[in-house]
Amino acid sequence: MFTGLIREMAKVVSFKNNFLTLHAHYNPKIGDSIAINGACLTVVKVTSETFTVELSPESQKILAMENYKDEVHIEPAMMMGDRFEGHIVQGHVDCLGTIKSIKSNGNSTDFMVSISSEYAKYIIPKGSVTIDGVSLTVNEVIEDSFRLTIIPHTVKNTLFKNYKVGTKVNLETDMFARYIYNMFKKSEKTLSWDDVDKVMARY
């Protein structure tokens, strides 16, 4: 389990034969789980300066592999007793989102992200979403797109500074939204967003 708060930006040393090697200040152990751009991967090799994770062909089909170069977001899995911030993130990428528009608002930047209709139903206004491993709040939902408002600190210290219109990103929807949707999808009752907010407030 993760929180969506990035530990650091790791440097990509190489990506060969399904093995991604990174240089970072963080020193994991073999077998550790670590989220790389939001995808939970296992450390398979460690040296004095680098560590290596393996990406299966299936993972590479799902993930936005064009963002696994130069720098990547890393977050180690939570340990018992860690301070909990961000939101509950599983490290299971649901689908790819696409940056639809970018608009500067002076002290913030609005990113509009499009998502397939299959997963758009899990995007909740004022709820949480994970973009390339970064925990963010959804400000507005418009059909199959949603708006994020990002402060300068986050843009400067994440891959958001590199995003352009058309950039693909790893996207994980909110776990509670998925669970609640599936709990009620066979119910005769129509569930409003107010109903969802009330259910989620209980946890």
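**Close-up 1. The β1–β2 hairpin in this predicted model, with Asn17 at the turn.** The hairpin of β1 and β2 has two residues between the strands, and Asn17 there takes a positive phi near 50°. Strand β1 covers residues 8-16, while β2 covers residues 19-23. The two run antiparallel and are joined by five bridges. To get your bearings across the hairpin, look for Ser14, which stands opposite Thr21 in β2.

**Close-up 2. The other partner of β2 is β5.** Besides its hairpin pairing with β1, β2 pairs with strand β5, residues 51-54, in the antiparallel sense. Four bridges hold that pairing in the DSSP count. Which residue of β5 stands opposite Leu22? That would be Phe51.

**Close-up 3. A salt bridge from β1 to β6.** Glu71 and Lys11 form a salt bridge here, with the closest N and O atoms 3.1 Å apart. The pair links distant parts of the chain: Lys11 belongs to strand β1, Glu71 to strand β6 (residues 71-76), and 60 residues separate them. Is Lys11 buried or exposed? Neither, really: Lys11 counts as partly exposed, because its relative accessibility is 44%. Keep Lys161 in the frame as well, since Lys11, Glu71 and Lys161 are linked in a network of salt bridges. A search of the whole structure turns up four salt bridges.

**Close-up 4. Arg147 and its two acidic partners, Asp110 and Glu140.** Take Asp110 to begin with: Asp110 forms a salt bridge with Arg147, the closest N and O atoms lying 3.6 Å apart. Asp110 sits in strand β8 and Arg147 in strand β11, so this pair ties together parts that are 37 residues apart in sequence. Now swing over to Glu140, whose salt bridge with Arg147 has its closest N and O atoms 2.9 Å apart. How do the three residues sit with respect to the surface? Asp110 is buried, with a relative accessible area of 13%. Arg147 is partly exposed at 21% relative accessibility, and Glu140 is partly exposed at 30%. As a bit of background, side chains of opposite charge can pair when their charged atoms come close.

**Close-up 5. The largest nonpolar core, seen around Phe146.** This core has 26 residues, and Val129, Ile131 and Phe146 are those with the most contacts inside it. Which elements supply at least two residues each? They are β7 (95-104), β8 (109-114), α2 (117-120), β9 (128-131), β10 (134-142), β11 (145-150) and β12 (168-173). Apart from this core lies another, of 18 residues, which includes Leu20, Ile36, Ala39 and Phe51. Phe51 is thus a core residue as well as the one facing Leu22 in Close-up 2. Back at Phe146, the residues touched beyond four places in sequence include Phe111, Met112, Val113, Ile123, Val138 and Leu171. Val129 and Ile131 are also among the residues Phe146 touches, and so is Glu140, the salt-bridge partner of Arg147. In soluble globular proteins, nonpolar side chains tend to be buried together.

**Close-up 6. Phe111 and Phe160, edge to face.** There are three aromatic pairs in the count. In this one the ring centres are 4.9 Å apart and the planes meet at 80°, so Phe111 and Phe160 make an edge-to-face pair. The pair links distant parts of the chain, with Phe111 in strand β8, Phe160 in the loop between α3 and β12, and 49 residues from one to the other. Both rings belong to residues that are tucked away: Phe111 is buried at 2% relative accessibility, and Phe160 is buried with a relative accessible area of 2%. Add Tyr163 to the view and you have one aromatic cluster of Phe111, Phe160 and Tyr163.

**Close-up 7. Tyr119, Tyr122 and a lysine.** Tyr119 and Tyr122 form a tilted aromatic pair, 6.3 Å centre to centre with 55° between the planes. Both tyrosines are buried. What sits over the ring of Tyr122? Look for the charged end of Lys121, 5.0 Å from the ring centre.

**Close-up 8. Ile151, in the loop after β11.** Ile151 lies in the loop between β11 and α3 (152-156). Its relative accessible area is 47%, so Ile151 is partly exposed. Asn105 is 46 residues away from Ile151 in sequence, while the C-alpha to C-alpha distance is 9.8 Å.

Definitions and conventions. Residues numbered from 1 in each chain as written. Predicted model: local features only at pLDDT ≥ 70, side-chain atom pairs only at ≥ 80, totals over all residues. Heavy atoms only, no water. Core = buried A, V, L, I, M, F, W, Y, C linked by side-chain atoms within 4.5 Å. Buried < 20%, exposed > 50% of the residue type's maximum accessible area, 1.4 Å probe, protein only. Contact = heavy atoms within 4.5 Å. Salt bridge = Lys/Arg side-chain N within 4 Å of Asp/Glu carboxyl O. Pairing = 2+ DSSP bridges. Phe/Tyr/Trp six-rings, centres within 6.5 Å; stacked < 30°, edge-to-face > 60°. Lys NZ or Arg CZ within 6 Å of the ring centre and 35° of its normal.
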